[in-house]
Amino acid sequence: MSPMRAKKKSMSLIKAREKASASANNRPRLKLKRWAFVILAVLVLLSAVLLILDALYPVIPDSKGYSTILYSNDGEIIHGFLSKDDKWRIRAEIDEISEDLRKAIIFKEDRHFYYHPGINLISIGRALYNNSTSGKRTIGASTITMQLARLISPAERTLTSKIREAFRALQLEFHYSKDEILTMYMNLLPYGGNIEGVKAASMIYFGQLPQELSPAQIAMLTVIPNNPNVLMPANRSSLTKKRNYWIKQLGARNIFTAEETEDALNEDFESVRYGIPRIAPHMAIRLKKSTDRIYTSTDRVYNSTDRIYTSLDLQLQSKVETSMRNYVKTLRSLQITNAAVLVVNNRTMEVEAYAGSAGYEEEKYSGQVDGIRAVRSPGSTLKPALYMLAFDKGYISTKTIVSDVPVNFSGYRPENYDQSYRGKVSIEQALALSLNVPAVDLLDITGLHELNSMLGKADFDWISKNKDKTGLSLILGGCGATLEELTGLYAAFANGGVYNDLKFVKPDESNKQENQSNNTVTKTDNSKRKVNRVMNPSESEGIRISSPGSAYMITEILTGLQRPDLPNDYRETANLPKIAWKTGTSYGRRDAWAIGYNADYTVGVWTGNFDGTGVPELNGTDCAVPLLFMIFNQLKITNTDWFASTPDADFRLVCSETGMVPDTFCHNRVMETFLPGISPSVRCSHLKRVFTNTSETVTYCSECLPSSGYKSVLYPAYSPELVSYYEEMMIPYKRIPDHYEECTALFEEKGPLITSLTDGAEYLVFAGRKQNLMLKSSCMNGTRTVYWYIDKKFLKKSGPNETVYLEAVKGNHTVTCSDDRGRSSSISFKVSLL
């Protein structure tokens, strides 16, 4: 063989060997790729299975539910209720739990908590090895996440349950962050009896919140869950031994400082069980019974059912409860056993104090009845609403003179509280003195339907449901109302006639940052806002039930100090801020009311007996007003200014005898607040000119007036009912002499007497505004129908006591009223434009 061929053969053999060697080297790589593919496929398949199982069997961490806890407006706990399974299980957020407590529980239960996906394979392997070699269970492998899965769905400790816990742990890690898992875990830890979670345990065992615990208390909450039925504060020796061991361990890991460790080892603890606060129980129960979500009038979601952030001011609530409880003790000697108080912030319409009774636990006095929501007779407390309505209708103004004399309203004869009458009184006197007869007469003029409609807008539930059954007695308490409704009504007076729903809750803490910014804007606006804006809120803020001017006029009347409803004991009025208030006493002296307000607050007070027992000494002046004054003295009044007059109100001089626009003979004039274009503007006619003989013993009319021997004299134009009262009470007055007896112009029977307009009067109306004049007649007995004519043109047919309205048109006019027997009477008047 030639050298060349040998060389080629040698090269071929080398290449063959290299190829075989490369092929041999590639085999492990192919196997590795195959295994990687298999592992990846298994992982994908396992993930898919886990996702399917997760969808089919979702984890519900809050399935047990929490205790419902109510918080004050500054975040303090005021009341709590057991969970549905009768546990004290109070939800805590991560920032409510001290960092040391979190570190301690993680160190003791799962040191690698933040580094595993829910299960710790190393811990599982170590536990399997130790338990199998020792023949018994010496250590566990459950992570915090697996323990949480067991706490959510407790089961016997079997291999199957462990596998299920591992799966649930993976689910929890997939859906929640580590901090969320830790928080849920600490909320469900067992602490013995019906106590679960670190927040419930810290409050019940130590009377403190979990962010306020000492190192010794942290160590106790760390060890108790391992054996909660043994390691309870009542078992001092076992708990102290276990606690001290873990204090040293936590100190060695620098979770506690050396000084904290030493102090913790020497710290003693009490074997007592603190109660969850039970402040404002009536309001708490009311909110607890509401649906899962609480809404405001704007339909904004406020609270979940286990956390209710109320509007209550904890400090004020405590003061109100203490003051009311002590005050009622003084009333019980008079057999007056209970009271209720509601305090509303007029700026926000938030309820800052809610006391439904003097003592919720007092079964003897029916303390569990919520006096704020109980339907009672309101007495005279609705009168300001009627007067406000009449102001807006133009029937009266503040100085209008009315008669306080006995009147029969179709068989209903109201009497004043003191069973006496005052004759002529102004409207402001009638309201300040809470006179009944003028109020009933005014309701008869204004119309029951109108008042019911206004009160319906202010959410008076009983009146809305029974509006067809009410009568004139409604204004004296012949209806049903609650302290909540009345307080809301008077808050509308303070807010310029705009009614807003009362607010019992604040926005949820989940929107805390947004709410804080909103509150900052509100506080800044309130500090700069002028007082008169309180009487002129935006229409969008609520329902307008009156004009700002009429609300202002009511406020001024209810502020007067010359009133009979000042209590006999003036001690509580020494430092009293300026307020407007009204009292009420129901028929039979079963209810005593006092409701007051200023720019900042409205306070409603009720005293009486929940069983409806009347007491002779019970009245609003002596039994409710002192407590009202007491509470106003305890309020933080930020605005010392008073309400300013409103743009729709003005001032004018009126005759003091009638409260009408003065005529030339009106020498005594007074200033009043009125509503231009609305308030009565008729010329005063308290005097009328009469022809008499020179000795003023006989009067003449135009038909019988002699050619000489007479004179013209001005006499008071008293109403028939006032004359009758003066005659009955023998009160001296200037009486018009009898008519000339030989006059042939008089008839035996008189036709209908037009009582609503004055013959010869001039009525002033504003140009461009539609205004009506009221027509009413007084007829002879037996009359069934009357016919009204204006300037000889038929106007309307009506009943003898029915009110008819006539549009005021500029010019001279004659109104005639004829009855069904052909008898008639006429009057003339003039309408002038301003």
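For these notes I take two strands as paired if DSSP finds at least two bridges between them. The model I am reading is predicted.

**Entry 1. The hairpin of β14 and β15**

I began with β14, residues 580–585, and its neighbour β15. The two strands run antiparallel and are joined by six bridges. I looked up one position across this pair and found T583 opposite A594 of β15. Five residues lie between the strands of this hairpin, and G588 has a positive phi there, near 80°.

**Entry 2. β15 and its other partner**

Next I followed β15 on to β16, residues 601–608. Seven bridges join these two strands, again in the antiparallel sense. D591 stands opposite G608 of β16. β15 and β16 also make a hairpin, with three residues between them.

Is β15 buried or exposed? I checked residues 591–597 and found seven of seven buried, so to speak of the strand as mostly covered is in order. I then took the two faces separately. On one side D591, W593, I595 and Y597 are buried, and on the other side A592, A594 and G596 are buried. D591, which I had just placed opposite G608, therefore counts among the covered residues under the 20% cut-off.

**Entry 3. Helix α18**

I turned to α18, which covers residues 483–494. Its twelve residues reach 17 Å from the first C-alpha to the last, close to the 16 Å expected at 1.5 Å a residue. An α-helix has 3.6 residues a turn, so residues three or four places apart point the same way. For burial I found no exception in α18, as twelve of its twelve residues are buried. The buried residues include E484, E485 and T487 as well as L483, L486, L489 and F493. After the helix comes G496, with a positive phi near 70°.

**Entry 4. S679**

Where does S679 sit? I found S679 in the loop between β18 (669–674) and β19 (687–693). Its relative accessibility is 4%, so S679 counts as buried. A polar atom of the S679 side chain lies 2.8 Å from the backbone nitrogen of L675. Leaving out residues up to four places away in sequence, I listed what S679 touches: G394, I396, S397, R652 and F674.

**Entry 5. The sheet of five strands**

I traced an open sheet of five strands in the order β24-β31-β30-β27-β28, with mixed pairing. Which strands stand at the edges? They are β24 (762–765) and β28 (793–798); each has a single partner strand, so one side of each is left without a neighbour in the sheet. From one strand to the next the twist averages 25°.

Inside this sheet I looked at β30 (residues 811–819) and β31 (residues 824–833). They pair antiparallel over eight bridges. The bridge partner of C817 is S825 in β31.

**Entry 6. The chain as a whole**

Last I noted the totals. The protein chain has 23 helices and 31 strands. Of its 834 residues, 48% are buried. I also checked how far apart in sequence the contacting residues are. Among contacts between residues at least 6 apart, 68% join residues at least 24 apart. The chain exposes about 42,500 Å², and carbon and sulfur atoms supply 52% of that area.

Key. Residues numbered from 1 in each chain as written. Heavy atoms only, no water. Helix = DSSP H or I, 4+ residues; strand = E, 2+ residues; numbered from the N terminus. Buried < 20%, exposed > 50% of the residue type's maximum accessible area, 1.4 Å probe, protein only. Polar contact = N/O pair within 3.5 Å; in protein donor to acceptor, adjacent residues only side chain to side chain. Contact = heavy atoms within 4.5 Å. Axes fitted to C-alpha atoms, helices over the stretch in contact; angles between N-to-C directions. Areas by Shrake-Rupley, 256 points an atom, 1.4 Å probe, with all protein chains shown as cover. Expected span 1.5 Å × (residues − 1).
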